[in-house]
Each structure stands twice: as structure tokens, then as C-alpha cells.
Amino acid sequence: MTSGDFVTGSGDGTRAVRAGLPDPVKYEPTLPGPVFAAHFHLPGDPTGPYTYGRDENPTWTLLERAIGELEAPGQDGVTTLAFPSGMAAVSAVLFSQLKAGDVVVLPVDGYQVLPLVREQLTAYGIEVRTAPTGGDAQLEVLDGAKLLWIETPSNPGLDVCDVRRLVAAAHAQGTLVAVDNTLATPLGQRPLELGADFSVASGTKMLTGHGDILLGYVTALDADLMAPVRRWRKIVGAIPGPMEAWLAHRSLATLQLRADRQNGNALVIAEALHGRPEVTGLRYPGLPDDPSHKIASQQMRRFGCVVSFTLPTRARADRFLDSLRLVDDATSFGGVRSTAERRGRWGGDAVPEGFIRFSAGAEDPEDLVADVLRALDESAE
């Protein structure tokens, strides 16, 4: 029996544990170690899969196969390309699909590096339009666009848009659709099943989950669409290291375990914050009264590990973060150790000074809630 036989028709846990494994070979490890090679033996014509280290690597191949099985289980023709960071993956799609004179629609409330991307796209003669994620507002500026970029749930505000609706409108006029799936992960949302052309993500976050790897990827069902992305990776040399690729593949085995625990912790944290008088703007798509809950429930299978809320002032937010004992004050999200930060310290996000992005880890929920509530009490003036 091959590894693929195990994965077909299986649940999330089984698929995550077995995704991308090679066929079993006697005396060989189930997951081969990283292949460190700049070049390969290559007599005669270069007809094999591995010729030079910037083009392909056996360790990437297994990881890319694994991610494809999670993003589009049971689908034929899935293509995934790994990159050394999430922004490398984002850039590969944008700059391989767009040219001077094209129009792209970006979310105005997306990841805080997108304004820098907008500046670069504009410098290349590409028209950039922006609109909020919530309320499917990007539809209002979609006319004539070559590419629609969706980030749902948005980071850090956690708004959600109707992917199916936006895809239908985009495809009706020949517009391509890419979805940033970083926050949801393939276990929370499958953009390709919702009709998107590209699913793009930072594997730095929950996908790998330990805060020790920078990684990104692009997945699509259309090999022709992926050909320019592959060419872009070759041209700019945006390739992952074999050790990072191997660590990422190894980490996928616990994705379902981590996601369920962290998603559950995020919900209990959100519930504990609900009704606290000093907390405003509480957002978590898993809360029944969240503005995004209805549409999120229709297209997401898990609601993510991130909770956002606002404390009255910057000073109160800083005191709250300083008072936490089980939660690290750090950027990024999705790790097994809970993190939180005052997001406004970076600039680039249109959020209040007291805005907190909280990433629930895998600690015991009772301990985590107790730590958060104690820190709120201690940080009060």
C-alpha cells in the first residue's frame, strides 16, 4: 500500500500525518531526511527531475506534495510551489501574473506589508485599487481587474468576505482570484474548493506552528497558471532551504492536533473577554455574535487561532502585555506558545493604539484564560 492510499478519503488528522510521504521502501525512513545538494549527477541529456538546486529538490517535492494534499484533497493536477517566506509566495503570484497597465484589487485591511507591495506595483505601472474585506466591498472596485487578491479572515481585523461570491463575480469578467489562506490554514478553509485560482499562505504561522521556520507556498489546480509562478521563482531564486522544507513537512504531522487545540483556546479566550468592560472591538469569527460568523460558518471548517480586541489606551495595552505570564509579547501568530502584541507599534495597520492581536497557543485553556483575566485585572489603572 502506498502513502497515497492512506490519504485518499481520510480525515484531517490522518491526512496531515501521512501527507506527502513517499512510497515505503524497506530499511528507508518514512520521511527521508533533507537533501542538501546544489547539483546532482547529470550524465547525458538533462531529462530527469533533479538537475540543479535552484530548480528542484527532493525535499521540496515531498513538502509540496503534502501541502497540495491538504489544500485540495482528492483533486488531480494540484501544483504547489514552496518559497522561503510568505511574502516571497505573495510576490511570486503578483509579479508573475501582472504587467504594466493591468489592474489589481487588494484589501485595504490586509497584512501590513501590502502597502509596500502597492508602492512597488504602482512603480511598475500597475493600477492598484483597494477596498475593505468586510461586506465584500472589493466587488465595488473589481471592474476590469486582472487579479483580485483576497485575505480572509483579514489580518489583523478578522473580517471575512464571501469567497464564493467574489470568485463568481471575478470569473464572470475574466479576473483571476488569489486567496491568502495564512490565518485559516488548509484545515480551516480550502480556497480552491471555493473556486479561487490560487491559494497562497505563509507557512511560518500555524501551518508549521513552532515559530522556528520561515516558509511560504502557492497552490493551484491549473498547471498553466502555475508555470509563470514557477518561472518567477527560478528567476529571482526565491527557494526554501532543504532543512526548512524538511522541518515544515515534519511539522505537518501535528497540524490537526495543534489546530484543534489552538482554535478551541481562541474560542474560550474570546468568550472570556466577551463582556469585559475594558474590552471593545472584540473579534473572533467563531463567536456566534461576531459580524463575520454567518459567512465564516459557510466557508470555514475551523475559525483560526487569532482573537483581536482593543483596550482603552496604549498604556493599558502595554501594561496588559507586560502582566501576561503564559503569553509572549511577540509578532507573528499560529505558534504552539501563545503570543500577543499591540499591533499599532508597527504602523501600517489602521488600528487603535490599544489594539491587541492575540494568538492562542496549545496551553491548557483554563491556565490561559486565568492568565489573561489576571493580566487584565493587574493592568487596570
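Which element supplies the largest share of the lining of the largest pocket? I shall come back to that after describing the two sheets and the helices that pack in this structure. Please keep in mind throughout that this is a predicted model.

Let me begin with the sheet of 7 strands. This sheet is open, its pairing is mixed, and its strands follow the order β1-β7-β6-β5-β4-β2-β3. At the edges are β1, residues 79–83, and β3, residues 127–131, each of which pairs on one side only. From one strand to the next, the twist averages 20°. At the β3 end of the order, the pairing can be described in more detail. Strand β2, residues 103–107, runs parallel to β3 and is joined to β3 by 5 bridges. One residue pair may serve as a landmark on your screens: V105 has R129 of β3 as its bridge partner.

Two helices that pack on these strands deserve mention. Helix α3, residues 58–71, touches β1, β6 (198–202) and β7 (216–220), and its direction makes about 125° with that of β1. Helix α6, residues 163–172, lies across β4 (147–151) and β5 (176–180), and runs at about 155° to β5.

Helix α3 has a helical partner as well. Its axis and that of helix α8, residues 242–252, come within 9 Å and cross at roughly 35°. This crossing is left-handed. On the α3 side, the contact involves T59, W60, L62, L63, A66, I67 and L70, which meet P242, A245, W246, A248, H249 and L252 of α8. What is the make-up of this contact by class, nonpolar, polar and charged? The contact of α3 with α8 has 11 nonpolar residues, 2 polar and no charged.

I turn now to the second sheet. Here 5 strands form an open sheet, again described as mixed in its pairing, and the order is β8-β9-β12-β11-β10. The edge positions belong to β8 (280–283) and β10 (328–329); each has a single partner strand, so one side of each is left without a neighbour in the sheet. Within this sheet, strand β9, residues 306–310, and strand β12, residues 355–359, run antiparallel and are joined by 5 bridges. In that pairing, S308 stands opposite R357 of β12.

Helix α9, residues 255–273, lies across β8, β9 and β12, and runs at about 20° to β9. Helix α9 also packs with helix α12, residues 365–378, at an angle of about 35°, the axes being 10 Å apart. The crossing of α9 and α12 is right-handed. Helix α9 contributes R261, N265, V268, I269, A272 and L273 to the contact, while α12 contributes P365, L368, V369, V372, L373 and L376. By class, the contact of α9 with α12 comprises 10 nonpolar residues, 1 polar and 1 charged.

Some points of backbone geometry come next. The peptide bond between T152 and P153 is cis, with omega about -5°. P153 is placed in the loop between β4 and α6. A cis peptide bond also runs from N155 to P156, with omega near 15°, and P156 lies in the loop between β4 and α6. Elsewhere, Y27 has a positive phi of about 75°, although this residue is not a glycine. The position of Y27 is in the loop between α2 (12–18) and α3.

Finally, I return to the largest pocket. How much space does the pocket hold? About 670 Å³ lies in it. Its lining consists of 37 residues, and those nearest the centre of the pocket are S202, T204, K205, S332 and F333. By class, this lining has 14 nonpolar, 15 polar and 8 charged residues. At least two lining residues come from each of α4 (86–97), β4 and β6. As for the opening question, the largest share of the lining comes from α4, with 3 residues.

Notes. Residues are numbered from 1 along each chain as its sequence is written. This is a predicted model: local features need pLDDT of at least 70, side-chain atom pairs count only at pLDDT 80 or more; totals for chains, interfaces and linings use all residues. Side-chain values use heavy atoms; hydrogens and water are left out. Two strands pair if DSSP finds at least two bridges between them. Helices (H or I, at least four residues) and strands (E, at least two) are DSSP runs, numbered from the N terminus. Axes are lines fitted to C-alpha atoms, for helices over the stretch in contact, and angles run from 0 to 180 degrees between N-to-C directions. Contact means heavy atoms within 4.5 Å. A crossing is left-handed if the near helix is turned anticlockwise from the far one by less than a right angle, and right-handed if clockwise. Ala, Val, Leu, Ile, Met, Phe, Trp, Tyr, Cys and Pro count as nonpolar, Asp, Glu, Lys and Arg as charged, and the others, Gly among them, as polar. On a 1 Å grid over the protein atoms alone, a cavity is a set of points where a 1.4 Å probe fits but cannot get out, and a pocket is an open set with protein on both sides within 12 Å along at least five of seven lines; lining residues have an atom within 4 Å of a point. Grid points are joined across faces, edges and corners, and a volume is the space filled by probe spheres set on the points.
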